[in-house]
Amino acid sequence: MSACDFLEKNESEIVKEYAPLVISQALKFRPNKLTNFDDYMQAGYIGLLRAIRKYDPTRNTKFSTFSVICIRRQILKECNKLHSFNICLLHILCYLYKKA
């Protein structure tokens, strides 16, 4: 996408166009039984929206390259949150099991 094309489109058009990119990045994280794929998708769309708002066409970088970095970063943040929550939950359950 050229800089002129990017500037002419609104956010919703860009999100629709790059939705397959969000899906492909979310699939790379292979959610386990304790997490939901929708959480990764939601994080990916948040990353895409941040990429749209922060993209600078004058920096001579493709939007797709920039957006992949933003999408992955946001999904990784979500993974860290979910992983921390799951570890805490596991510790609580082990503690309660030992008490019983």
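Lys 54 has its place in helix H3, a good spot from which to begin these exercises. This is a predicted model, where local features need pLDDT of at least 70, side-chain atom pairs count only at pLDDT 80 or more, and totals for chains, interfaces and linings use all residues. Residues are numbered from 1 along each chain as its sequence is written, and side-chain values use heavy atoms, with hydrogens and water left out.

**Exercise 1. The fold in outline**

Work out how many helices and strands the protein chain has, and in which order the elements run from the N terminus.

Solution.
- Step 1: Settle the terms. Helices (H or I, at least four residues) and strands (E, at least two) are DSSP runs, numbered from the N terminus.
- Step 2: Count. The protein chain has 4 helices and 0 strands.
- Step 3: Read the order. From the N terminus on, that gives α-α-α-α.
- Step 4: Look at the contacts (heavy atoms within 4.5 Å). Of those in the protein chain between residues at least 6 apart in sequence, 64% join residues at least 24 apart.

**Exercise 2. Lys 54 and the positive patch**

Decide whether Lys 54 is buried or exposed, then find which residues form a positive surface patch with Lys 54.

Solution.
- Step 1: Fix the scale. Buried means under 20% relative accessible area, exposed over 50%, and partly exposed in between (1.4 Å probe, protein chains only). Accessible areas come from the Shrake-Rupley method with a 1.4 Å probe; for residues, only the protein chains shown count as cover.
- Step 2: Apply the scale. Lys 54 counts as exposed because its relative accessibility is 63%.
- Step 3: Recall the patch rule. Patch residues have over 30% relative accessible area and no salt bridge; like charges are joined within 9 Å, and nonpolar side chains (Val, Leu, Ile, Met, Phe, Trp, Tyr) within 5 Å. Lys and Arg count as positive and Asp and Glu as negative, while His and the chain ends are not counted. A charge is placed at NZ of Lys, CZ of Arg, CG of Asp or CD of Glu.
- Step 4: Name the members. Arg 50, Lys 54, Arg 73 and Lys 77 form the positive patch.
- Step 5: Place the patch. Helix H3 (37-54) and helix H4 (63-99) each supply at least two of its residues.

**Exercise 3. Salt bridges**

Find how many salt bridges there are, and say where the partners Glu 11 and Arg 53 lie.

Solution.
- Step 1: State the rule. A salt bridge is a side-chain nitrogen of Lys or Arg within 4 Å of a carboxyl oxygen of Asp or Glu.
- Step 2: Count. The rule yields 2 salt bridges.
- Step 3: Take Glu 11 and Arg 53, whose side chains meet at 2.9 Å, N to O. This pair links distant parts of the chain, with Glu 11 in helix H2 and Arg 53 in helix H3, 42 residues apart.
- Step 4: Check their exposure. Glu 11 has a relative accessible area of 31%, so Glu 11 is partly exposed; Arg 53, with 58%, is exposed.
- Step 5: Turn to Arg 59 and Asp 56, whose closest N and O atoms are 3.8 Å apart. Arg 59 is exposed at 65%, and Asp 56 is partly exposed at 31%.

**Exercise 4. Buried residues in H2 and H4**

Explain why Gln 25 counts as buried, and list what Ser 67 touches.

Solution.
- Step 1: Start from the whole chain. Buried residues make up 29% of the 100 residues.
- Step 2: Locate Gln 25 in helix H2 (residues 11-27). Gln 25 counts as buried because its relative accessibility is 4%.
- Step 3: List its contacts. Leaving out residues up to four places away in sequence, Gln 25 touches Val 68, Ile 71, Arg 72 and Ile 75.
- Step 4: Move to Ser 67 in helix H4, which is buried at 0% relative accessibility. With that sequence limit of four places, Ser 67 touches Leu 21, Leu 48 and Ala 51.
- Step 5: Add Tyr 18, also part of helix H2 and buried at 10% relative accessibility. The C-alpha atoms of Tyr 18 and Ser 64 are 8.1 Å apart, with the two positions 46 residues apart along the chain.

**Exercise 5. The phi of Asn 60**

Determine where Asn 60 is found and what sign its phi has.

Solution.
- Step 1: Asn 60 belongs to the loop between H3 and H4.
- Step 2: Its phi is positive, about 65°, although Asn 60 is not a glycine.
- Step 3: Compare with the general pattern. Most residues other than glycine have a negative phi.
- Step 4: Asn 60 counts as exposed, because its relative accessibility is 75%.
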